[in-house]
Amino acid sequence: MRIVVKVGTSTLAHATGRLNIRHVEELVKVLSDLKNAGHQVILVSSGAIGMGVGKLNLPGKPSDMPTKQAAAAVGQCELMYTYDKLFLQYNHTVAQVLLTGEDVDHPERRENFENTMERLLELGALPVINENDTIATAEIKVGDNDTLGAIVACCTKADLLVLLSDIEGLYTADPHKDPNAVLIREVAAITPDIEALAGGAGSGQGTGGMVTKLRAARRVTQQGIPMVIANGAHPELLYDIAEGKPAGTRFAAHRQEG
C-alpha cells in the first residue's frame, strides 16, 4: 500500500514553536514500522515556520511575509535534521522535496515531480514533502498542507491519504465548544450538510482547519483515493488505519466516471 501521511504543526510542535519530541519520535517509529511491513510511505510535513519561530525565539507566528519566509528557512533545516536523525535510527533514508503551486500546476514540472517521487519510492527512500515557504508568495502558494497532501496523493496515485491533526476527526459540531458533539466515523459523500460542519482555521501555529480537510477529501475521493482524519497525538492509530480498521473519520473513495 502507498500511504501519504500529512502531519500538522500542532502535532509536531508545542504552542511555543519548540519540537514536541514525544509526538515526533512516536510518529517516526510508526512510519518506520509501516515501511518495514512493506508499505510505501510519503510524509507531508508542516512545521517549518512554527519550528523557525521557536528557533529564532520570536514571540509568535509572524504576520509579514519576509519574517514568515525567514522563519521557514530556519525551521525547514531543523525539521529535516530531526527527521533524518530519527528515521536513521530505524535504517530509513529520508528525501526532502519542497514544492510550490507552480510545480504542480505546470504540466512539465508536475511530470518531473511525479517521476522523481516514483524513483525515490523505488529506491526505498521516504520522501518528506513541504511547501517551499521560503520562496512561495501568494500567487504561487498551495496555501495549506491539507491541500498539498491531497495533491501529492493524486500525483503519486496513492492508495490512502491520512491527515493527522489536533482533532479526532469530523464531528457533528465543534467539540471544543459543544460537549455533545459526536465523532462521525464514516463519510460516504461530501454533501452540503457535511460541508456545513466545517469550522474556521485550527490552531494558532497552523493554517488549516476542517474546511481545508474537507476540500482535500473531495479532491482525493473523486480520484478513487480514500482519506482518513485522525488525531496526530496518537500516531499508533496509523496501524489500524492502514488495516482499514475504524479510526478517526474515513471518507470513502468514489471515482467519477467520464
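1. Start at one end of the sheet. Strand 3 and strand 4 (residues 126–131) run parallel, and six bridges join them. Ala-95 has Pro-127 as its bridge partner in strand 4. Gln-96 stands opposite Val-128 in strand 4. Note that this is a predicted model.

2. Now the whole sheet. It is open, with eight strands in the order 3-4-2-1-5-7-8-6. The pairing is mixed. Strand 3 (94–99) and strand 6 (186–187) are the edge strands, and each of them pairs on one side only. As general background, strands of a sheet pair through backbone hydrogen bonds, either parallel or antiparallel.

3. Strand 4 also pairs with strand 2. The sense is parallel, over two bridges. Leu-43 stands opposite Val-128 of strand 4. Val-128 also has Gln-96 opposite.

4. Is strand 4 enclosed or open to the outside? Six of its six residues are buried, so strand 4 is largely enclosed by the rest of the structure. Its side chains are worth a look in the viewer. Leu-126, Val-128 and Asn-130 point one way. Pro-127, Ile-129 and Glu-131 point the other way. All of these are buried, Asn-130 and Glu-131 included.

5. Helix 2 (residues 21–36) comes next. It lies across strand 1 (2–7), strand 2 (40–45), strand 4 and strand 5 (160–165). Relative to strand 2, helix 2 runs at about 155°. Buried residues of helix 2 include Val-24, Leu-27, Val-28, Leu-31 and Leu-34. His-23, Ser-32 and Lys-35 are buried in helix 2 as well.

6. The length of helix 2 can be checked. How far should its 16 residues span at 1.5 Å a residue? The expected span is 22 Å, and the end C-alpha atoms of helix 2 are 22 Å apart, which agrees. Just after helix 2, Gly-38 takes a positive phi of about 110°.

7. Two helices pack together elsewhere. Helix 7 (residues 145–155) and helix 9 (residues 210–221) have axes 8 Å apart, at an angle of about 10°. That angle makes helix 7 roughly parallel to helix 9. The helix 7 side of the contact is Asp-146, Thr-147, Ala-150, Ile-151, Ala-153 and Cys-154. The helix 9 side is Thr-212, Lys-213, Ala-216, Arg-219 and Val-220. What mix of residues makes up the contact of helix 7 with helix 9? Six are nonpolar, two polar and three charged.

8. Two loop residues deserve a check of their backbone. Most residues other than glycine have a negative phi. Asn-57 has a positive phi, near 55°, and is not a glycine. Asn-57 sits in the loop between helix 3 (48–55) and helix 4 (65–88). Is Asn-57 buried or exposed? Its relative accessible area is 60%, so Asn-57 is exposed.

9. Lys-157 is the other one. Its phi is positive, about 55°, although Lys-157 is not a glycine. Lys-157 lies in the loop between helix 7 and strand 5. Lys-157 is exposed, with a relative accessible area of 65%.

How values were computed. Residues are numbered from 1 along each chain as its sequence is written. This is a predicted model: local features need pLDDT of at least 70, side-chain atom pairs count only at pLDDT 80 or more; totals for chains, interfaces and linings use all residues. Side-chain values use heavy atoms; hydrogens and water are left out. Axes are lines fitted to C-alpha atoms, for helices over the stretch in contact, and angles run from 0 to 180 degrees between N-to-C directions. Helices (H or I, at least four residues) and strands (E, at least two) are DSSP runs, numbered from the N terminus. Angles under 35 degrees count as roughly parallel, over 145 as roughly antiparallel, 65 to 115 as roughly perpendicular and the rest as oblique. Contact means heavy atoms within 4.5 Å. Ala, Val, Leu, Ile, Met, Phe, Trp, Tyr, Cys and Pro count as nonpolar, Asp, Glu, Lys and Arg as charged, and the others, Gly among them, as polar. Two strands pair if DSSP finds at least two bridges between them. Buried means under 20% relative accessible area, exposed over 50%, partly exposed in between (1.4 Å probe, protein chains only). The expected span of a helix is 1.5 Å times one less than its number of residues.
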